[in-house]
Amino acid sequence: MKNSSLINGSRTIVYSFILGIYLFSSTAVATNRKHYSTFQQQTHQISGIITDGNGPLPGVTISIKGKTTTSISDYDGQYTIAATPADILLFSFIGFKTVEIISSSQTTVNVQLTEDATTLQEVKVNTGYYSVKESERTGSIAKISAKDIEKQPVTNVLAAMQGRMAGVNITQTTGVSGGGFDLQIRGQNSLRSDGNRPLYIINGVPYSSDPVGFGATATVMPTLTSPLNNLNPGDIESIEVLKDADATAIYGSRGANGVILITTKRGKKGKTTFTTNYSNGIGKVTRFMNLMNTNQYLEMRREAFANDGYTTYPASAYEVNGTWDQTRNTNWQKVLTGGTANIMNLQSSVSGGNEQTQFIFNGNYGTETTVFPANFGYKKGNARVNLNHSSENKKFGINFSAGYTVQDNNQPSTDLTTISRRLAPNAPALYDASGNLNWENSTWENPLSHLNGKSLSNTTDLVANAVLSYQLPFQLELKSSFGYTDLKHKESSTFPSTIYDPAYGLGSEFSSLFTNTTTRQSWIVEPQLNWHTEFGKGKISILVGSTFNQLNGQQLVLAGEGFTSNSLIYDLASASTVTIMSSGDTEYKYQAFFGRANFSWSDQYFLNVTGRRDGSSRFGPGNKFATFGAIGAAWLFSKATFIKDGNGSFLSFGKLRASYGTTGNDQIGDYQYLDTYSSNGNPYQGTIGIETTRLFNPDFGWESNKKFEIAAELGFFKDRIFLTSGWFRNTSSSQLVGIPLPGTTGFSSIQANLDASVQNSGIELTLRTVNFQKKNFGWSSNFNISVLKNKLLRFPDLASSTYANQYVIGEPLNIVKVYNYTGLNSVTGLYEFEDFNGDGLFSAKDDRQYLVDLNPEFYGGLQNQLNYKGIQLDFLFQFVKQLNYNSASSLGLPGSRNNQTTDVLDRWQNQGDLGPFQQYSTGVNTAVSSAFIRYRGSNATISDASYVRLKNVSLSYTLPSYWLKGVTCQINLQAQNLLTFTSYKGADPEFRTRGVLPPLRIITTGVQLTY
Amino acid sequence: MKPIFNPKSILFKIQKKCIPVIFMGYCLACITLLSACDNFVETDQPSSQLSTPVVFESPTTATAAMVAIYAQLRSSTLLTGSPLGLSNQMGHYADELTFYGDSENSTSGFYTNSVLASNEAVATLWTSSYRVVYNTNAMLEGIAASSSLSLDKANQLTGEALFVRALVHFYLVNLYGEIPYITTTDYRQNRVASRLPVAKVYELIIADLNKAYSLLPENEESGERVRPNQYTAQALLARVYLFDEKWDEASNAASALLNNTATYALQDDLNTVFLNTSSSTIWQFSPFFYGSATEEGNLFIFTAGPPPFTALSDALLNSFEPMDQRKISWTTAVSDGNMTWYYASKYKDNSSVSFSSEYSVVFRLEEQYLIRAEARTRAGDLIGAKEDLNIIRNRAGLPNTTAISQDELLNAVLKERRVELFTEHGHRFFDLKRYGKLDSALSNKIGWNTTDALFPIPETELLLNPNLSPQNLGY
């Protein structure tokens, strides 16, 4: 009902719009007739469809060379224009190469436009509060648009950005659907691991990326649930990443880690268009470890027991003492995580509008099952609407946008990955003869029992905003944006008694439930005043504005234990004890005044000054306010006469730009300056105890981050080769950190400004080339690479601080100090290490002195785009050069009750053996296990984890338009994480967290209909 | 039905004339806000937090801060009956328990005596203990600064905080050797704290306990023996003096308790010793809620073999003399037809019941008899010692001791402590250490080394505070 009335409503608009166009074009035709009649030439109607090789191209201007006649293609790419046979038709559109065609006497002219790098410089880039022409921007901004996002079968927006932007490093944290991503823009600025998140802005509304999850209630995830999963990639028009001072200083205190601007799709004027996109596919784990089989495993265990001096196997060594069948062999990785996930996505949108009002309505529904051997899944549905209206006199404008997302995630409460790698290959069968879980006389914990516990989450999220603008006299524009977000996240983990061996007779009185309800509401109001003027060759734009922003968060975490029945496990009232694990309300308030002044001279010299004064409730009295600012300049030297005059110059575009400024960071959590007690949820004598909330410090203040960048942008051969290269150096000082403290202080850290400076510097290169460009065939490439260096510049009294054993001046923050592995002693069969202080003993403090840098050395991506007629092929290689912990760091002591990689078979057995692995032990030989622990904390377990990954492949074919009248149909095949090339010894080289499900290789097929 | 998002109805209704007026008004409002907005970023104190000075103005909130400390000891560190506590970890580390759980579990490292400096359980034990110490110091400072607590309340809470501070340091010094004795909340001092000689630590423990004794009330106010009183301080003092080899003081402190027969008396029936109404209990933990089983019951009890986590060791089971009623009352056999295992059944409930009759006992009178027996033996009073020892033996259905010489009697006390106090907060390990018998008693364990008598100082702590160096020998 709703839909049809919406369509009826818009139809009226569309009809009036069409009528308008008809009236307009009929006058044009009439004028032309008069004009041409003097030349005695016959005009005729020419019509056709304009495409970009992918689909119809609306909004293309069709004009006749030397004449004023114009027309615009509609939503289906269709156009009509009147011309004489001698006329030359011009088809032009921003971002595409203009095509000239002599009309002759054809009545149908179908045109395929190809993208033109040259005109990309005219595209406007969103910088948050204002937008600039690509060619005139003074800041450093990376961008991807819907075109790239839509090619990827991903549910998380951050996944869509991987490998596509210079200076942006994104890693996935788990392959379990609904999991998160880590994102760093230009390296680690803050010593706090949770202080490196960029600021996310959706259509002008800041979106808090603070986790909404809680450890005990999202047990399957290695990191706390992030709210960023709420965004639907299909809704997004573009993502802009602001990187340098010039671009970020206008976000002041919140810009230090970069700003990510997300703009959702807007309606386009023209005929009401429906687009439906359906895709379906599968996902499988990318890589497994190469683990021992039963023979190899049993050999290892027997040898370990023999080495340790056991003459009979202990009663609990079921694998070797004859309790378990020693001929069984199961590849547990395949059985427990080797399933196939089914992925389905359906997206529909309706858009249209007239000159004054445009709208788009988007709906999306997607499901994803898991690779675990049970029926789990992730569902996400969302709806978004965008309305744009301007008054007849164009003075008043309003843009309204709202999106609502529902996510439903149902996963096992335990990730089976770790178990699958550790379980003995001769462990018993999962099911007994009658199909029940097999417990093998209580000699093992059946891994499938974990699947009886569930980790559920349900998130609903509303993001709405409106921008009103009004054109005042004297070229003043008054604008204000209003935004509101409302997020409700519920998650729970259950541990029913059925996860335990029934022989123990544990009933539902041992079942437990953990629930977490997090809600978060925020609003923002940002009134702004714009002024623009031109004088002679000069132009001035000035913007002043202010921000009022408030965020309220509530979290309640409950634990229920001892249920009347397992069927009532979601009913807290049926629990015999209910404990409040965490509860709290937080209030965050933020205000700012900001301004920007931009001067340009003869479209050649640009100067941009931005500033912001910020106040944040996260700081104590007297420290709440701080000022930030930046200056940026650009020189478009290709417009200088000395270059422009050199005719036929191979240089088609040249720009130098530089910026310098300061930004800040207030990601420190709320209320850290208060000296308070809060409830610890642990009753005694019927009273809930209260405890000191934190070690408080009333005096901490803002940290500052100084950013400097210079860059050159060069276009050659009509911009067919376009190179952007930039060098940046960010220095952050008086960092706000939780300074680590020894346990004797009662706490693990205290919030304070650290008198230390950290420098991130690096080079970013982006190269865009049009390799081949013909009517039917085109090939273009995009290459980006970032080389980053991180360095601790200054740290007074480092030696006497608690960081003494963590950092080294002049070295990166992300170093680890490890033992230096010197090799295997072929006599003792033990690992040996360098004794740095030569005292004959090994202590972490004195002998973990070997530095390993875990920062990626460089990373980037190479994207290729090929099209031939209606076929388009797109593929992206992502590459990272880095070191990472290998499998030896996560698998436990070789010889203990843990499966191992087959590498470990090369171990020391007799004097003279060279290993490289040391002798086996079950864990009771302290010499072996301490050597192993040192080995795990040495450079031996950190090895090359560089990889090249075929991250994304997308093949699409647009059916010729004459096949289906009025309908554009595109079929596509998309793949993610298709191939990985690496010498890494372990599961997946991308992961930092160990023992979690690797990312999935996803292949989907889809069809898109537009009519 | 009216469309929700009909552009016509939403947008076209806005009267064009109104627009400038609305905007001008809005502008004015903003300007007004701008001028008065420095207060905008002030926020109220969060509803879930209470300012520290306010906590110590009312006896209710001050008491809530104190009981939080007991709740910590009961649920998460040192004295807890959960796997994290000493009853479990030290029971495995010595020879009371056999471990059947997963080799990745922290208890496995304790059982095989292969605890390394990087062991997380050892680090957690250290940091959570010092967290308790911090909380006691915060209590002491809060009460000292308070102007409105009554003198009685202030004395009681001060005494309790001092008692707990001494108690925690007592365990730490016996586990880690030389340790810092923390008496302030000032992190600038505490982060560079140095280790003190063991004798100095004992001196400070005794000083705190004496002061606690002078401040604590004689009678426990709830009647449930869940808050320390004067006698609890005495009980710990007796133990501390014994460990510090001050035999007379140990005897005297134990006597102070043993003489108060009106309040403290042995239960004749072994099955009632661990009931919450037992008159031999000196101090016990109030349960999580009235009805929850003890952590010990949860941990030790199993109903089918092989045991999922832990069972009593053969060594312990074999050390019971024939006819010892404690083996019957306090251990329970579980069999799968072929094999039989035993668990400690001092506590009988392992899941919530409508109203629990068992609390976790921390100090009980039996230990005081055995303290005095040992102190008297060492001081040469063999007759008095035998009297004390026989009281415990007779209650367990055993005849008088046959020990004659001082050495024999000392060994008899050690053996009696083993079968009386098993799986209670690591007594066995501390006893063997005190007697210098760790190596002889534990050498049959494959992973045992002489240097295992002390835990390592956690590696992370050494890295953060260089003053804690050097590491204990053997790590």
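Chain B contains 21 helices and seven strands. The model is a predicted one, and the description below follows chain B from its overall form to one pair of helices and then to its contact with chain A.

Taken along the principal axes, the C-alpha atoms of chain B fill a box of roughly 110 × 60 × 50 Å. The chain has 475 residues, of which 52% count as buried. Sequence separation offers another view of the fold: when contacts between residues at least 6 apart in sequence are considered, 67% of those in chain B join residues at least 24 apart.

A pair of helices shows how such elements can lie against each other. Helix α10(B) covers residues 198–215 and helix α11(B) covers residues 230–243; their axes come within 9 Å and cross at roughly 160°. An angle over 145 degrees counts as roughly antiparallel, and α10(B) and α11(B) are therefore roughly antiparallel to each other. The crossing in which α10(B) passes α11(B) is left-handed. On the side of α10(B), the contact is made by B:Tyr202, B:Ile205, B:Ile206, B:Leu209, B:Ala212 and B:Tyr213. On the side of α11(B), the contributing residues are B:Gln230, B:Ala233, B:Gln234, B:Leu236, B:Leu237 and B:Val240. A general property of helices helps in reading these numbers: an α-helix has 3.6 residues a turn, so residues three or four places apart point the same way. Sorted by class, the contact between α10(B) and α11(B) comprises ten nonpolar residues, two polar residues and no charged residues.

Helix α11(B) deserves a closer look. Its 14 residues reach 20 Å from the first C-alpha to the last, which is close to the 20 Å expected at 1.5 Å a residue. Helix α11(B) is also mostly covered, with 14 of its 14 residues buried. After α11(B) comes B:Glu245, whose phi is positive, near 60°.

The remaining topic is the contact between the two chains. Chain B gives 88 residues to this contact, and chain A gives 88 residues. Several elements of chain B each supply at least two residues of the side that touches chain A, among them the helices α1 (7–11), α2 (18–35) and α7 (120–145), as well as the strand β1 (49–51). The largest share of that side, nine residues, comes from α4(B). By class, the residues of chain B on the side touching chain A divide into 49 nonpolar, 31 polar and eight charged.

Note on methods: Residues are numbered from 1 along each chain as its sequence is written. Chains are lettered from A and ligands numbered from 1 in the order in which they are written. This is a predicted model: local features need pLDDT of at least 70, side-chain atom pairs count only at pLDDT 80 or more; totals for chains, interfaces and linings use all residues. Helices (H or I, at least four residues) and strands (E, at least two) are DSSP runs, numbered from the N terminus. A residue is buried if 20 or more other C-beta atoms lie within 10 Å of its own, exposed if 12 or fewer, and partly exposed in between; C-beta atoms are placed from the backbone. Two residues are in contact if their C-beta atoms, placed from the backbone, lie within 7 Å. Axes are lines fitted to C-alpha atoms, for helices over the stretch in contact, and angles run from 0 to 180 degrees between N-to-C directions. Angles under 35 degrees count as roughly parallel, over 145 as roughly antiparallel, 65 to 115 as roughly perpendicular and the rest as oblique. A crossing is left-handed if the near helix is turned anticlockwise from the far one by less than a right angle, and right-handed if clockwise. Ala, Val, Leu, Ile, Met, Phe, Trp, Tyr, Cys and Pro count as nonpolar, Asp, Glu, Lys and Arg as charged, and the others, Gly among them, as polar. The expected span of a helix is 1.5 Å times one less than its number of residues.
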